[in-house]
Amino acid sequence: MTVRTRFAPSPTGYLHVGGARTALFSWLYAKKTKGQFVLRIEDTDRERSTDESVQAIFDGMKWLGLSHDEGPFFQTERFSRYQEIIEQLLEQGDAYHCYCSAEEVEAMREQQRANKQKPRYNGKCRHRTEAVEGVSPVVRFKNPETGMVVFDDLVRGEISIANDELDDLVIARSDGTPTYNLTVVVDDLDMNMTHVIRGDDHINNTPRQINIMKALGAQEPRFAHVPMILGDDGARLSKRHGAVSVMQYRDDGFLPEALLNYLVRLGWSHGDKELFTQAEMIELFDIKDVNRTASTFNTEKLLWINQQYIINSDPKRLVEPLSEQLVAQGCDVDKGPSIIELVKTQQERAKTLKEMAEKSLMFYNNYEAFDEKAAKKNLKAASLEPLEMMLATFEALDDWSKEKLHEVIIKTAETLDLKLGKVAQPLRVALSGTSVSPALDATLFLLGKETCIKNIKRGIDYIKNRILLQEG
C-alpha cells in the first residue's frame, strides 16, 4: 500500500501556523513512508472563499517548502461528482429529502434543551414518502440508529461513539450544494487517501464521515487527530496572540526552516533534540509519537531557534531574504555594501533577519545627528588626537581591508599609549552616530572609505565646536 496523505485547507483566510503544522505532519509522514502528499482546496464555502486566500495558501506552502505530489484540487470543480454520490445515497435509501424549515429544526432543539436532551434533528422526515409542495428540501444522510462507530486514532488511540449520539446530518443544502462532511468523504475516497491527519476539532466529524463511507461500501482511511495550539495565555491561538499567519513570520524575518523546526516540536519530540534538519525530520518523525495534549506557542523559543538557524546558515543562504528585508526598510541594496559581507558581519548579532536589516541601516542611510548621550561621553577633547591620527592614516590608506583597518586602530592606541577603548569608542560614535555598531574593522569596511572619512571629520568638528563652546 502506498501511503497517501493530504492537506485540505479552506481558502477563507491566510495559512495560519496551526494549518501549517498539520500540513507539515502530513507531508513528513508521506515523505517518511515514501508516500504521496496531496494538496486539496476545500472552497465550497463560496461566500467566504477568495482568490486572495487561495494564493496565500500557495505562497505559504511554497515558502515553507512543503511541495505537493498531486494537486491542487479544487472542490468547486467537482460538484457533478458530489451530486452523483448524493443521488446514489438517495437511491440506496441511505439519504432522504428533508422539508423541515430552519425554524422547525431550531424549535426541535429548543424543546430538547428544555428536556435536558442533546439538541439534534429528530428524524421527522426520515420516513416521509411525499414531497412538500413549494419547498426546496435539503438532503440528509440516514445515520444508523444503533451500534457504535469505533476507530483507532493514530494519536489518541481507540475512540468509540454511539450512533444514537449522531443525528442525520445535512449532506446537500436546499440549493443543491454539498456540505463539508459529504465532500470530504467523496474526495478522500476518490483520491485514495490512506491517512487523514488533521486537527482534533474534526473528531466529532469523523464518526459521521465513517458512516457515510460505510454506506458507500468503502474502507475508511486511518485517522490521526492532532491537538490544537494554544497561546501563552492558555487560550486557542488566534490573531490577538500576534502573528499567526505563516507569511507574517516571513515578513518578520524568520527563516522557513526555523519555523518548520519549531512547528514540528509543537506536540512531537525526539529525546532532548531541539534542532532538526529537514532530512532528520523525515527520518525521525512518526505520527504515532505526537502528543495527545495541546501545545503552547512560545515566541521566545521560536526566536531562539531562528537565531540558531541564522548563526549556522551559509551566508549565501541569507543574502536574498536579508535583501528583501533591507528593501522593505527603504534601502537601495545596489547602493550599499556587499550583502554577503553584511551577513557575515551581522550573522551572530540578530535573532531575525528583520532585526539584522534594522541593525544594518547605518550602512545605507548616514545618521542625521549624533546620539546626545553617546557623543557627550565619547567625543571629548581627549578624543581629538586619536581621531585626527586615524583620519590621516585612513586618508592615505590604499588597502581598505578589514585587516589593515584593524591595524590602524591598534597602532593608534599603541602610539598614543591609550587603552583601546579610548580610541575605539570615539571612532565608533564618529562612524555610526551612536555607541553601538558591529566590530570596528567590519564597520569601517562596510561603510567604505568615503563615508568613513566624512563621518570621522564630523566627529572631529563636533569635538572642536564643543571645545570652543567650553572656552567661550
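**Reading strands, helices and side-chain pairs**

Biologist: How many bridges join strand β2 (residues 36–41) to β3?

Modeller: Three bridges join β2 to β3, and the two strands run parallel. Keep in mind that this is a predicted model. One bridge can be followed on the structure: Ile 41 has Phe 74 as its partner in β3.

Biologist: What holds such strands together, and which order do the strands of this sheet take?

Modeller: In general, strands of a sheet pair through backbone hydrogen bonds, either parallel or antiparallel. Here, three strands make an open sheet with parallel pairing, in the order β1-β2-β3. The edges are β1 (4–7) and β3 (70–74), each with a single partner strand, so each has one side without a neighbour in the sheet. On average, neighbouring strands of this sheet are turned by 25° against each other, direction ignored.

Biologist: Which helix lies across β1 and β2?

Modeller: Helix α1 (residues 17–32) does, and α1 runs at about 165° to β1.

Biologist: Let us take another helix, α19. What should I look at there, beginning with its span?

Modeller: Set the distance between its ends beside the expected value. Helix α19 (residues 449–471) has 23 residues and reaches 33 Å from first C-alpha to last, close to the 33 Å expected at 1.5 Å a residue. Then look at which residues are buried: in α19 they are Cys 452, Ile 453, Asn 455, Ile 456, Gly 459, Ile 460, Ile 463 and Arg 466. As a general guide to such a list, an α-helix has 3.6 residues a turn, so residues three or four places apart point the same way.

Biologist: Which helices do the buried residues of α19 pack against?

Modeller: They pack against α14 (372–378), α15 (381–396), α17 (420–432) and α18 (440–447).

Biologist: Now the charged side chains. How many salt bridges are there?

Modeller: The count is 32 salt bridges. A pair inside one helix is a simple case to begin with. Glu 355 and Lys 359 form a salt bridge, with their closest N and O atoms 3.7 Å apart. Both lie in helix α13 (residues 353–359), four residues apart, which is about one turn of the helix. Glu 355 is partly exposed at 24% relative accessibility, and Lys 359 is partly exposed at 29%.

Biologist: Which residues are joined into one network by salt bridges that share partners?

Modeller: The network takes in Arg 6, Arg 40, Glu 42, Arg 78, Arg 81, Glu 84, Asp 187, Asp 188 and Asp 190. One of its salt bridges links Glu 42 with Arg 40, with 3.1 Å between the closest N and O atoms. To judge burial, use the cut-off of under 20% relative accessible area. Glu 42 has 6% relative accessibility and so counts as buried; Arg 40, with a relative accessible area of 1%, is buried as well.

Biologist: What does the salt bridge between Asp 152 and Arg 222 tie together?

Modeller: The two side chains meet at 3.3 Å, N to O. Asp 152 is in strand β6 (residues 148–153) and Arg 222 in strand β10 (residues 222–226), so the pair ties together parts that are 70 residues apart in sequence. Asp 152 is partly exposed, at 44% relative accessible area, and so is Arg 222, at 35% relative accessibility.

Biologist: And the aromatic rings: how many pairs are there?

Modeller: There are twelve aromatic pairs. For each, read the distance between the ring centres and the angle between the planes. The rings of Phe 151 and Phe 223 have centres 5.9 Å apart and planes at 65°, so this pair is edge-to-face. Phe 151 belongs to strand β6 and Phe 223 to strand β10, so the pair ties together parts 72 residues apart in sequence. Phe 151 and Phe 223 are both buried. A tilted case is Trp 268 with Phe 285, at 5.6 Å centre to centre and 55° between the planes. Trp 268 sits in the loop between α8 (256–264) and α9 (278–284), and Phe 285 in the loop between α9 and β12 (295–296), 17 residues apart. Both Trp 268 and Phe 285 are buried.

Biologist: Which residues make up the cluster linked by ring pairs?

Modeller: Phe 25, Trp 268, Phe 276 and Phe 285 do.

Biologist: Last, where does Gln 307 lie?

Modeller: Gln 307 is in helix α10 (residues 299–312), and it counts as buried at 17% relative accessibility. Here sequence distance and spatial distance should be read side by side. Gln 307 and Lys 351 are 44 residues apart in sequence, with their C-alpha atoms 4.4 Å apart in space. Leaving aside neighbours within four places in sequence, Gln 307 is in contact with Ala 350 and Lys 351.

Methods: Residues numbered from 1 in each chain as written. Predicted model: local features only at pLDDT ≥ 70, side-chain atom pairs only at ≥ 80, totals over all residues. Heavy atoms only, no water. Salt bridge = Lys/Arg side-chain N within 4 Å of Asp/Glu carboxyl O. Buried < 20%, exposed > 50% of the residue type's maximum accessible area, 1.4 Å probe, protein only. Expected span 1.5 Å × (residues − 1). Contact = heavy atoms within 4.5 Å. Pairing = 2+ DSSP bridges. Axes fitted to C-alpha atoms, helices over the stretch in contact; angles between N-to-C directions. Phe/Tyr/Trp six-rings, centres within 6.5 Å; stacked < 30°, edge-to-face > 60°.
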